[in-house]
Amino acid sequence: MSKKLSLTTKIFIALILGVITGLVLHPLKDNPFVSKYLLNFVFNLLGNGFVRAIRMVVVPLVLCSLVIGAAGIEDVTKLGRIGIKTLVFYLSTTAFAVILALVGGNIINPGKGVRIGDIAVSEVTVSETKPFVDILLEMIPINPAEAMATGNMLQIIVFAILVGISLSLLGDKASNIKKVFEEGNSLSLKLVEIIMIFAPFGVYGLIAKTFTTLGYVALLPLFKYFIGVVIILFIHCLVTYQGILVLFGKYNPIKFFKNFAPTMMVGFSTASSSACLPSSLKSMQETFGVSKAISSFTIPLGNTINMDGTAVMQGVATIFIAQIYGVDLTMGNYITIILTATLASIGTAGVPGVGVIMLGMVLVQVGLPLEGIGLVMGIDRFVDMFRTMINITGDAVCTLVIAKTEGEQLKEAI
């Protein structure tokens, strides 16, 4: 009895087939049949049809997931200072992760020296540098409906968070409205699930078109992107997280990794933060000795809003795609990326594959073509395994730090 191939395997096979097809057709790229019927029809239809489907679901997914995430902030009012410290930890480390990714991306330069702007369907436009105060002011939507219609992600994020907080403050009075957003979030995730069924075809079309146009020159930047993301993820895990753990949590990093390794392996193998939730809670409470009062708040909240690994991927991927398309990002663009990726982390669902969908909102915000997602989609599962492991590690470090600052006695602490 043959075993059914997983979606991950199908996407990887599509990536390999796309590379092989492109390399075979590269010498024939100027042939009328190849150019007219394969490049501009078959590959274009498969690749850009998939991209348009992604664009279709980005706005409702971001809106509903952020509203639901922010609506759960009622727990913060109950836990007081614990909630505030937890939010500060998660958002500040995520912002630092994006900055680290942007700096590292510009050092590694994964897409430097390659130009594929000629295969982009949409015209590439990047806004000029704006004063920081204007960037902050433009985050506030004058017309939320217009923001959603035009895909202004920063404005959508701000609107969604304010709606979620308002729903939280209204409590039972707005329970029906909250239920609508919960159902909308479930619907959006189901749409993502359906769209991802067609991901192998989309990846094949985008990759085949890329390698038919470029040939072997496209292999190096893709490899540099993957290695770049992994290196920066490990720097963030080993330097940022462990530095905070030693400084504020007074915990031995070696003992931490020894005790938390089983949960990290669950995250690596499943590529799902949500799938790690039971294991993370058990580990924090039984292995590390954190109270249920703290761990039952910090771990689930981290599952919702702490997506440092995803933020690193989005930062490096944005640099990669900008360089591939020959676009020079301005300081204003970098600030926008930091703000968008940090705020977007609040609404990134802890399931495999959603991170690359959320990358679309960052690209839209700085005016980069969504077709670039196809370049990273094929290897995203491998990146996702590493970034999920970093995400749950951040949740654990935050939990230990909060517990220590609240005077709890941790097992095997320094």
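## Aromatic pairs

A search of the whole structure, a predicted model, turns up 12 aromatic pairs. One of them joins Phe 234 and Phe 386. Their ring centres lie 6.0 Å apart, with 70° between the planes, and the pair is edge-to-face. This pair links distant parts of the chain. Phe 234 sits in helix 10 (residues 219–249) and Phe 386 in helix 18 (residues 380–405). In sequence, 152 residues separate the two.

Are these two rings buried or exposed? Phe 234 has 32% relative accessibility, so it counts as partly exposed. Phe 386 has a relative accessible area of 18%. Buried means under 20%, so Phe 386 is buried.

Phe 386 has another partner, Phe 268. Here the ring centres are 5.2 Å apart and the planes meet at 80°, so this pair is edge-to-face. Again, distant parts of the chain are linked. Phe 268 belongs to helix 11 (residues 253–270), and Phe 386 to helix 18, 118 residues apart. Phe 268 is partly exposed, at 24% relative accessible area.

There is also an aromatic cluster. Its members are Tyr 251, Phe 256, Phe 257, Phe 260 and Phe 288.

## The whole protein

What kinds of secondary structure does the protein have? It has 18 helices and 0 strands. Of its 414 residues, 53% count as buried.

Now look at the contacts with a separation of 6 or more. Residues 24 or more positions apart account for 85% of them. The accessible surface comes to about 18000 Å². Carbon and sulfur atoms hold 67% of that surface.

## The nonpolar cores

The largest nonpolar core has 113 residues. Tyr 225 and Phe 256 have the most contacts inside it. Helix 2 (residues 32–71) gives this core its largest share, 13 residues. Phe 256 also belongs to the aromatic cluster described above.

Which residues does Tyr 225 touch, not counting those up to four places away in sequence? They are Pro 110, Met 313, Val 316, Ala 317, Phe 320, Val 376, Ile 379 and Val 383.

Apart from the largest core lies another, of 6 residues. Among them are Leu 25, Val 34, Leu 39 and Phe 43.

## Two buried residues

Val 34 is found in helix 2. Its relative accessible area is 5%, so Val 34 is buried. Leaving aside neighbours within four places in sequence, Val 34 is in contact with Leu 25, Leu 28, Lys 29, Leu 39 and Thr 212. Thr 212 is 178 residues from Val 34 along the chain. Yet their C-alpha atoms are separated by 9.2 Å.

Ser 283 has its place in helix 12 (residues 277–287). With a relative accessible area of 6%, Ser 283 is buried. Beyond its neighbours within four places, Ser 283 is in contact with Asn 259, Phe 260, Thr 263 and Phe 288. Phe 260 and Phe 288 are members of the aromatic cluster. Asn 259 is 24 residues from Ser 283 in sequence, and 7.9 Å away in space, C-alpha to C-alpha.

## Helices 4 and 7

How well does the length of helix 4 (residues 81–108) agree with expectation? At 1.5 Å a residue, its 28 residues should span 40 Å. The end C-alpha atoms are 40 Å apart, so the two agree. Just after helix 4, Asn 109 takes a positive phi of about 50°.

Helix 7 (residues 153–170) has 18 residues. From first C-alpha to last, helix 7 reaches 25 Å, close to the expected 26 Å. Its buried residues include Met 153, Ile 156, Ile 157, Ala 160, Val 163, Gly 164 and Leu 167. An α-helix has 3.6 residues a turn, so residues three or four places apart point the same way. Gln 155 and Ser 168 are also among the buried residues of helix 7. Just after helix 7, Gly 171 takes a positive phi of about 65°.

## What the record lists

An unreviewed UniProt entry lists several spans as "transmembrane region". Among them are residues 153–170 and 225–248. In the model, residues 153–170 are 100% helix and 0% strand, with end C-alpha atoms 25 Å apart. Residues 225–248 are likewise 100% helix and 0% strand. Their end C-alpha atoms lie 33 Å apart.

Notes:
Residues numbered from 1 in each chain as written. Predicted model: local features only at pLDDT ≥ 70, side-chain atom pairs only at ≥ 80, totals over all residues. Heavy atoms only, no water. Helix = DSSP H or I, 4+ residues; strand = E, 2+ residues; numbered from the N terminus. Expected span 1.5 Å × (residues − 1). Buried < 20%, exposed > 50% of the residue type's maximum accessible area, 1.4 Å probe, protein only. Contact = heavy atoms within 4.5 Å. Areas by Shrake-Rupley, 256 points an atom, 1.4 Å probe, with all protein chains shown as cover. Phe/Tyr/Trp six-rings, centres within 6.5 Å; stacked < 30°, edge-to-face > 60°. Core = buried A, V, L, I, M, F, W, Y, C linked by side-chain atoms within 4.5 Å. UniProt positions renumbered as here; feature names shortened; annotations may be inferred.
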